[in-house]
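Colleague: I'm new to this one. Could you walk me through it, one question at a time?

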Amino acid sequence: MSHRISHLKDLDYSVVQQCMHCGLCLPACPTYEATKVERHSPRGRISLMRAIADGDLEPTKMFAEEMYFCLGCLACMTACPAGVNYAELFEHARAEVEAAGVLKSARRNLVRGFAIRGLFMSQNRLELAGRALRLYQQLGFQRLLRKSGVLKLLPKRMRELEAITPDIQPAFSAELIAPVTPAMGRKKYRVALLIGCAQDLIFSDVNRDTAEVLARNGCEVITPPEQLCCGSLHAHNGEWELAQRLARKQIDQFPPDQFDAIISNAGGCGSHLKHYGKLLATDERYLDKAKAWDKKVKDIHEWLVEIGMTPPTAAVPKQTVTYHESCHLAHGQKITSQPRRVLQSIPNLELVELPESNWCCGSAGIYNLIQPEMATALLERKLKHIRSTGAATVATANPGCLLQLINGAKQQELSLRIAHPITLLAEAYRKA
């Protein structure tokens, strides 16, 4: 492979060589903890990346499979005393894999072409797919198919995928949120609200709650009905140029100098959105705008705490809640106390700490689709800890985590409510 298209060889070498092999990341890494295999650890993976950067190793199928066995949860970044930027290494390593083409197959090319390069590059295509799936569910075809026994004829993996098909919302974000939501009371801030891609189809109610909460805290909320994917899915799956294309479109749609903040309510998306400067580092036209963008992007909990949110005052029924931390919110954005402060502001809400609250639930973007065994093991571990809290509600701030826990609770027949912290806050406000 030529040097020209090598993401790891072209990467700033100081990023590649920063790891000092101390091993403090090992206990924090879910895949290493489960296997005790060195190459399944951050240290082992970085050694492989550095070997490619040094020209001692060519990207192989083994290297590629290792990069996709990594969750990308970034727990190693929290544990690392040297401040290794594993997020940057991880994305460039997967881009290296895709550039080398060592995992290419007709089936894989078809799936990636349809989903990553097709659906998630166009809101219209994504909404069309969502409307079709919603119709299939609302007309009862899904329920009929499941009861008919026909699914038993499918391969095991196909049956597992069908079982975790998400419920599509009755209305998407543009039907729930006006393009401009005025502030309730005195206007203090003008903010943009990013509605996401999968979030818009599966959790549009969370977007509605976010807009309402922002308005109740003095924000005029700008929510254009036509928005694109932030590019997180593409960057995390080696589609570097597509991620750059989507970043430019986001910056064009939401010029950072026109807003006090650009709000994300999805932990994984927010982590990616705050690093457009790195993504567009070689783009002279967009670099300055990308750096300004990075400063304006705020997680919803981060923003509410920063501006001094107004706590709900109405009496609400007592509820016991535990909080699962989205990996990219906790390890990527370093936002841990703010969601807890939001939850603790709700009257009569008892927050019970979750053991291993920042341990990955196994969702990790599309990890539960491509690595089902490890994802299931992590989900079972998470649910065991959730059961130990005795909480009736689990709060978490990422659509992937929400969906993973909803499916897990359903499979284990647990009577649990899984909700975004902002939904719980919005409900408390409405009681007033």
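**A first tour of the chain**

Colleague: Let's start small. In S5, which residue is the bridge partner of Ser 264?

Modeller: Keep in mind that this is a predicted model. Ser 264 sits at the end of strand S4, residues 261-264, and three bridges join S4 to S5, the two running parallel. In S5, the residue that bridges with Ser 264 is Asp 299.

Colleague: And in which order do the five strands of that open sheet come?

Modeller: The pairing in this sheet is mixed. Its edge strands, each paired on one side only, are S1 (180-181) and S5 (297-299). Inside the sheet, S2 runs parallel to S3 through four bridges, and parallel to S4 through three. Put together, the order is S1-S3-S2-S4-S5.

Colleague: What are the bridge partners of Ala 192 in S3 and of Leu 193 in S4?

Modeller: Both links start from strand S2, which covers 189-193. Going towards S3, Ala 192 is bridged to Ile 222. Going towards S4, the partner of Leu 193 is Ile 263.

Colleague: Helices H19 and H20 both pack on the sheet. What angle does the direction of H20 make with that of S5?

Modeller: Take H19 (residues 287-296) as a starting point: it touches S4 and S5, and its direction makes about 25° with that of S5. H20 (residues 300-307) touches S2, S3, S4 and S5. The angle between the directions of H20 and S5 is about 90°.

Colleague: Which residues does Trp 303 touch, leaving out those up to four places away in sequence?

Modeller: Trp 303 is one of the residues that touch the most other members of the largest nonpolar core, which has 33 residues. Val 191, Leu 214 and Ile 263 are also among those well-connected members. The full set touched by Trp 303 is Tyr 189, Val 191, Leu 214, Cys 219, Asp 260, Ala 261, Ile 263 and Lys 298.

Colleague: Which element gives the most to this core?

Modeller: Several elements give two or more residues, including S2, S3, S4, H20 and helix H14 (204-216). Helix H26 (421-430) is on that list too. With six residues, the top contributor is H26.

Colleague: Is Leu 74 buried or exposed?

Modeller: Leu 74 lies in the loop between helix H5 (61-69) and helix H6 (75-79). Its phi is positive, about 70°, although it isn't a glycine. The cut-off for burial is under 20% relative accessible area. Leu 74 has 4% relative accessibility, so it counts as buried.

Colleague: How does Lys 334 count by relative accessibility?

Modeller: Lys 334 is another non-glycine residue with a positive phi, near 60°. You'll find it in the loop between H21 (327-332) and H22 (337-344). Because its relative accessibility is 45%, Lys 334 counts as partly exposed.

Colleague: Zooming out, what radius of gyration does the chain have?

Modeller: The chain has 26 helices and nine strands, and its C-alpha trace spans about 65 × 55 × 40 Å along the principal axes. Buried residues make up 55% of the 432 residues. A compact globule with 432 residues would have a radius of gyration near 22 Å, so the chain agrees with that at 21 Å.

Key. Residues are numbered from 1 along each chain as its sequence is written. This is a predicted model: local features need pLDDT of at least 70, side-chain atom pairs count only at pLDDT 80 or more; totals for chains, interfaces and linings use all residues. Side-chain values use heavy atoms; hydrogens and water are left out. Two strands pair if DSSP finds at least two bridges between them. Contact means heavy atoms within 4.5 Å. Axes are lines fitted to C-alpha atoms, for helices over the stretch in contact, and angles run from 0 to 180 degrees between N-to-C directions. Buried means under 20% relative accessible area, exposed over 50%, partly exposed in between (1.4 Å probe, protein chains only). The radius of gyration is taken over C-alpha atoms; the globule rule is 2.2 Å times the number of residues to the power 0.38. A nonpolar core is a set of buried Ala, Val, Leu, Ile, Met, Phe, Trp, Tyr and Cys residues joined through side-chain atoms within 4.5 Å.
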